[in-house]
Amino acid sequence: MTDTRIRDTLHDVADAAPVPHLDRVGFERRLRDARRRRTTVRGVVAAAAASVLVAGAAGGVRLAGELRDTAPPPASETGGAAKATPVQTVPVIVDGRLLVLTPDGAEHRSDVRAEEVLAMTPYGALVANERSEVLLVPVGRDGRPGEPETVLPALSDGVTVSPDGEEIAYLAPRHEVRIIRVADRSPVTTIGPVDMRERIVGVDGDTVLTMLGNSALRLRGPDGVRTLRPPAGQAPQDASLAGSVVRSASATTVTTFDADGHQLATGIAGTVSGLSTDGRWVAAASDGAEGGRRGITVYDAATGRPQRMAGYAGGESIDVISWLDHDRFLAGGLRGGGSFLLDCSVAQGACTERYADPDDTIYSPTR
Amino acid sequence: MRGASGSVTSLSTFVVVWGSSPFVMTPVKEVVQVSEPTFSEFMAARWAPLYRTAYLLAGNAHEAEELLQNAMVKTCLRWDKIRDKQAADSYVRTTMANLATRLWRRRGRELPSDTLPEDATGAGLDVRADHLALWEQIRALPPRMRATLVLRFFDDLTVADTARELGCSVGAVKSQTHHALRRLRAALPDLEIQEDLR
């Protein structure tokens, strides 16, 4: 007798087990929860990194993006609307409410109900609630969240925040794109009406980047509209705008464009990518399956010249790349059943593992 | 045609039948352009067969559905990045095996007890008594060991494919199989089980 007995047993048991009907409603609920947790985990992982980074940062490291140095700009730059926000705090959503994590490990809970953190800006945390309202929650220097202020009323679509956290773009009635300043909600400009199929994917200053279905990108600014067409077979699935550079990412490659719509670099291999806050670099992670080298590579956004990042050989999937400023970015992914986080510096040409969560407990927002 | 390589010719002259197995291709008279299935189509077509794998990995109906639902959610979130949609089964199975291991760890590495919960023993299943006895012992194996047996002997994967899906070496699969069979032999000495390490 061979392993036939095991084979027969497994088939016998599997065939005898009644198959339940596919619970699509339950599936959709799980999917929504999972998407929400993915948003949360990015913030929590970033918070862990912040603690590590800040602990070793004599004199203070300037961290932009999610961990941006949120010291307020001079009042003269913001019309006196600057809020006193602390350095390197990270807002996350836990159990449907805003929670602010500080580098010293403190947690400050808020009564503000929220579904998603949109960005940490120099003026506080921008969050969206269950009614799709966008709220600005000022955060004190000790990390304590203050009273929320409404930035955008109910049912605002396509809300996107600029890389420096100064502007916010959204889709207004009659398919107009409006850009306002986060500081005082004053208007920057109104664009459009735009095509009904366009959705906003980036904003920087008075320019917005929209995605037209899955075929093209449109850069809409004071100089008019420019349609950006990635090479054949590289339809954009994700895109971003920073420093007058556009990143268009297909499932496997990245193309960059300048503000005039000219292609800068093409064929950058990467299944996950991100554009630095000044638009100079594209960080891309590849699993090697599409011909690109496994690991993380930083490319000059203008020329496509690669710079290999040491410290990560690939092998695990990278799910998130989030730039902190013009030099540093975080890369997070899954390893086995858990999460890990890399802190990478272009200047140093290397990534360092800053955080590991082998049991993936961080995915449970109630822990 | 099992495991068709999917060349340009075969893709243009065969239509993929999702209801049976993602690898089964049926010849048709006219040239048919095969479009990639949506995730919804994939889930509807593959729910039942993947549930059976989930049942064997989890050991009971409740956890099997949990396992499969969660694996389907993870697959849905990564659907755009799964290049070969015909191989999506593999992604779901890998995810289920990892989730089952994680669930086992979170429970504090429960050791199999002599008295298994009634609904989990398969007592309500219409299977042969000797199969039921062997199934109870397979259920009591640690999750990676059980997953190795399920992928090799239920899903008919080779040692190499099992290693790829479980993210381990070929040697580890052989070792897990060897130890699993040794445990089963020890638990059921009347059974004659030999290894076939293809």
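**Exercise 1. Take stock of chain A: work out its long-range contacts, its secondary structure, its burial and its surface.**

Solution. Start with the contacts: in chain A, 39% of those with a separation of 6 or more are between residues 24 or more positions apart. Keep in mind as you work that this is a predicted model. Next, go through the secondary structure, where chain A has 3 helices and 27 strands. Then turn to burial: 53% of the 367 residues of chain A count as buried. Finish with the surface. Chain A exposes about 15700 Å², and carbon and sulfur atoms supply 47% of that area.

**Exercise 2. Do the same for chain B, and write down the order of its helices and strands.**

Solution. Begin with the elements: chain B has 8 helices and 2 strands. Reading along the sequence gives the pattern α-β-β-α-α-α-α-α-α-α. For the contacts in chain B with a separation of 6 or more, residues 24 or more positions apart account for 54%. As for burial, 45% of the 198 residues in chain B are buried. The accessible surface of chain B is about 9700 Å², with 52% of it belonging to carbon and sulfur atoms.

**Exercise 3. Find the disulfide, give its handedness, and decide whether its two cysteines are buried or exposed.**

Solution. First, search the whole structure: over all chains there is 1 disulfide. Second, name the partners, Cys344(A) and Cys351(A), whose sulfur atoms are 2.1 Å apart. This pair meets the cut-off, since a disulfide is called when two cysteine sulfur atoms lie within 2.5 Å. Third, look at the torsion about the S-S bond, which is about 105°, so the disulfide is right-handed. Fourth, check the accessibility of each cysteine against the cut-off for buried, under 20% relative accessible area. Cys344(A) has 0% relative accessibility and therefore counts as buried. Cys351(A), with a relative accessible area of 6%, is buried too. For practice, try Cys76(B): its relative accessible area is 16%, so Cys76(B) is buried.

**Exercise 4. Describe how helices H2 and H6 of chain B pack.**

Solution. Two numbers are needed, because a pair of packed helices is described by the angle between the axes and the distance between them. For H2(B), residues 39-58, and H6(B), residues 143-154, the angle is about 145° and the axes are 9 Å apart. The crossing of H2(B) and H6(B) is right-handed. Now list who meets whom: Arg52(B), Thr53(B), Leu56(B), Leu57(B) and Ala58(B) come from H2(B), and they meet Arg146(B), Ala147(B), Val150(B) and Phe154(B) from H6(B). Sorting the residues of this contact gives 6 nonpolar, 1 polar and 2 charged.

**Exercise 5. Locate three backbone features in loops: a cis peptide bond and two positive phi angles.**

Solution. Take the peptide bond first. The bond from Gly192(A) to Pro193(A) is cis, with omega near 15°. Pro193(A) sits in the loop of chain A between strand S11 (187-191) and strand S12 (198-204).

Move on to Arg174(A), which is not a glycine yet has a positive phi of about 65°. Its loop in chain A runs between strand S9 (167-172) and strand S10 (176-181). With 62% relative accessibility, Arg174(A) counts as exposed.

Last comes Asp156(B), also not a glycine, with a positive phi of about 60°. Asp156(B) is in the loop of chain B between H6 and helix H7 (159-166). Its relative accessible area is 43%, so Asp156(B) is partly exposed.

Definitions and conventions:
Residues are numbered from 1 along each chain as its sequence is written. Chains are lettered from A and ligands numbered from 1 in the order in which they are written. This is a predicted model: local features need pLDDT of at least 70, side-chain atom pairs count only at pLDDT 80 or more; totals for chains, interfaces and linings use all residues. Side-chain values use heavy atoms; hydrogens and water are left out. Axes are lines fitted to C-alpha atoms, for helices over the stretch in contact, and angles run from 0 to 180 degrees between N-to-C directions. Helices (H or I, at least four residues) and strands (E, at least two) are DSSP runs, numbered from the N terminus. A crossing is left-handed if the near helix is turned anticlockwise from the far one by less than a right angle, and right-handed if clockwise. Contact means heavy atoms within 4.5 Å. Ala, Val, Leu, Ile, Met, Phe, Trp, Tyr, Cys and Pro count as nonpolar, Asp, Glu, Lys and Arg as charged, and the others, Gly among them, as polar. Buried means under 20% relative accessible area, exposed over 50%, partly exposed in between (1.4 Å probe, protein chains only). Accessible areas come from the Shrake-Rupley method with a 1.4 Å probe; for residues, only the protein chains shown count as cover.
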